[in-house]
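I sat down with this one to look up how some of its pieces pack. Here are my notes, in the order I took them.

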Amino acid sequence: MAEKEKFGGRVKASFETRKFRGGAYATFLSVIAVALVIVINLIMTTLDLQLDVTDDGKFSLDAETIRLLKEIDEDITIYYFVQSGGESPYLDNLFTKYDDYNDRVKIEYKDPILHPKFAAQYVEDSVTLDSFLVVNETTGKAKFVPNSEILVQEVNYNTFQIQTTGISLENGINAAIQYVTNEDLPVVYNVQGHGESSISATLSKIFEKNNITTNDVRLVTQGEIPNDCDLLFINQPQTDYTADEIAMVKEYLMAGGDAIFVLDYMTPELTNFNELLIYYGMDVHEGILMEGDSRYCLYQMPYVILPTVYNTDITESVRGRKYVVAQTVSGITLREDKREGLTIEKLLETSEQSYIKPADSETLDKEDGDLSGQFCVGLKLTEAAGEEETRIAVYSAKFFFDDQLLSESSYGNMDILINTINTFTEQENAVSVPAKSLMEEQLTVPSASGNKIVLFTTVLLPLAIIGVGIFVVVRRRKK
């Protein structure tokens, strides 16, 4: 009996120890934490609430898209052509959010197998799975967005296979909304006749996707710049313009016209064309620009420059998000004697360590006598023209709008071109949204840093933990 009482006393005392009270408190907090997680999970599930914690908002509409949707004042229906149960998780997740911000925007699913002729009443395009159709129910205007314009595909240089690396659903649908809601879409005239680069198939497709109409014009035969020209595109002329052609271009600009000039390294040799650039406050220097700071070179090649991107209305969507690549660049500096009413805004610029080499130089290294310093690669010029305003964008890289740079989603060259056109032509509802990457970001650690990390995690850290443990045990025993 006495033994039982002693045992009962020990049990009772164990519940009164400091260790038990601490353990009970910890258990209580754990139970509360688990209960809160369960309750929050039930609430989120019941209300169908979701939280996008990805860095690039893979499952959320971009702020620019939301702004576009809120401004729509016509009845718009967006159709998703897909078989029931075959919805792409990435596409469907974004698609279902398009009617969350405006009651005048509706979304519907259409099975192309069950409704093979549905799209034919609006467009002539052949419908494919995972494609979309945007219809303005007020005007009947419609635009089809094929699957090929939604998927971002690039070559995997390890396997040399085409792989899908991203989703550009928002850009596709947003451009379609812009098309069906805007009456005046931009018309770009590409000047020809002096060896200028023509509109490639890649660039033509980009223009079509972004609702931009392009036409060629030969100033000598045309005699004037067409009245419906919203923007004049002069892309790397190889021979000089006549004085009459320059007079046509200047007359167009001084009346409030807009233009994009893309320069070639031989531009300084074109006397009349170069005089036009001088008139607008810039000097284009002979030779090819080299970047002396390797941090601003692509693959350590000094003639392939990653210029500093300034925060402007044209570059805002690119800055800090994508690389802008300028290869075979002409160096531009601003003239001190420019007209007072002419405003020049830098878009892209090299570092202070850049320098210019003659085109026929046998070395890429900087030598005595090479002109050096910061040079502009992209400029925006504005000047009042009566009640209008002249706007000119100048890009001084020969391959700035090369097909490869336009096709790679990781480069921002295409975005800058489309932003320039949309800004100059003042397009309503014009937005630019980066594609959502489907690739998992990988952390690349240099070998030297990797060895240090391995040494710390496998040797130093375990030894430190063991040392702290020994210190704590010895100290407690002494007490």
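**Entry 1: two helix pairs**

I began with helix α3 (residues 63-71) and helix α5 (residues 169-181), whose axes come within 11 Å and cross at roughly 25°. That angle makes α3 roughly parallel to α5. I noted the hand too: α3 passes α5 in a left-handed crossing. Then I listed who touches whom, and found T65, L68 and L69 on the α3 side and E170, N174 and I177 on the α5 side. Sorted by class, this contact of α3 with α5 has 3 nonpolar, 2 polar and 1 charged residues. A reminder to myself before going on: this is a predicted model.

Next I took helix α6 (residues 201-209) and helix α11 (residues 413-424). Here the axes are 12 Å apart and the packing angle is about 50°. I therefore put α6 and α11 down as oblique to each other, since 50° falls outside the ranges for roughly parallel (under 35 degrees) and roughly perpendicular (65 to 115). The crossing of α6 and α11 is right-handed. From α6, the contact uses L203, I206 and F207; from α11, it uses M414, L417, I418 and I421. Which classes of residue make up this contact of α6 with α11? I got 7 nonpolar, no polar and no charged residues.

**Entry 2: the chain as a whole**

I stepped back for some totals. The protein chain has 12 helices and 22 strands. Of its 479 residues, 43% are buried. I also checked the reach of the contacts: taking those between residues at least 6 apart in sequence, 72% join residues at least 24 apart.

**Entry 3: a sheet of three strands**

I then traced an open sheet of 3 strands, which runs β13-β14-β16 with antiparallel pairing. Which strands stand at the edges? They are β13 (297-298) and β16 (326-327); each has a single partner strand, so one side of each is left without a neighbour in the sheet.

I went through the pairings in turn. β13 and β14 are antiparallel over 2 bridges, and C297 has I305 of β14 as its bridge partner. Strand β14 (residues 301-305) also pairs with β16, again in the antiparallel sense and over 2 bridges. On that side I305 stands opposite A326 in β16. So I have I305 written down twice, facing C297 and facing A326.

I looked at the hairpin of β13 and β14 as well. There are 2 residues between the strands, and Y299 takes a positive phi near 55°.

**Entry 4: a sheet of four strands**

Another open sheet has 4 strands in the order β2-β1-β3-β4, and its pairing is mixed. At the edges I found β2 (105-110) and β4 (142-145), each pairing on one side only. Direction ignored, neighbouring strands of this sheet are turned by 15° against each other on average.

I looked into one pairing here. Strand β3 (residues 131-136) and β4 are antiparallel over 4 bridges, with V135 standing opposite A142 in β4.

**Entry 5: strand β7 and V187**

Last I went to strand β7 (residues 187-192), where V187 has its place. Is V187 buried or exposed? I have it as buried, with a relative accessible area of 14%, because the cut-off for buried is under 20%.

The rest of β7 came next. 6 of the 6 residues of β7 are buried, so the strand is largely enclosed by the rest of the structure. Both faces are covered: V187, Y189 and V191 are buried on one side, and V188, N190 and Q192 on the other.

What does V187 touch, leaving aside its neighbours within four places in sequence? My list reads T213, N215, D228, C229, D230 and L231. I also looked up the spacing to T213, which is 26 residues away along the chain: the C-alpha atoms of V187 and T213 are separated by 4.7 Å.

T213 led me on to strand β8 (residues 213-218), which pairs with β7 in the parallel sense over 6 bridges. Further along β7, V191 stands opposite V217 in β8.

Terms used
Residues are numbered from 1 along each chain as its sequence is written. This is a predicted model: local features need pLDDT of at least 70, side-chain atom pairs count only at pLDDT 80 or more; totals for chains, interfaces and linings use all residues. Side-chain values use heavy atoms; hydrogens and water are left out. Axes are lines fitted to C-alpha atoms, for helices over the stretch in contact, and angles run from 0 to 180 degrees between N-to-C directions. Angles under 35 degrees count as roughly parallel, over 145 as roughly antiparallel, 65 to 115 as roughly perpendicular and the rest as oblique. A crossing is left-handed if the near helix is turned anticlockwise from the far one by less than a right angle, and right-handed if clockwise. Contact means heavy atoms within 4.5 Å. Ala, Val, Leu, Ile, Met, Phe, Trp, Tyr, Cys and Pro count as nonpolar, Asp, Glu, Lys and Arg as charged, and the others, Gly among them, as polar. Two strands pair if DSSP finds at least two bridges between them. Buried means under 20% relative accessible area, exposed over 50%, partly exposed in between (1.4 Å probe, protein chains only).
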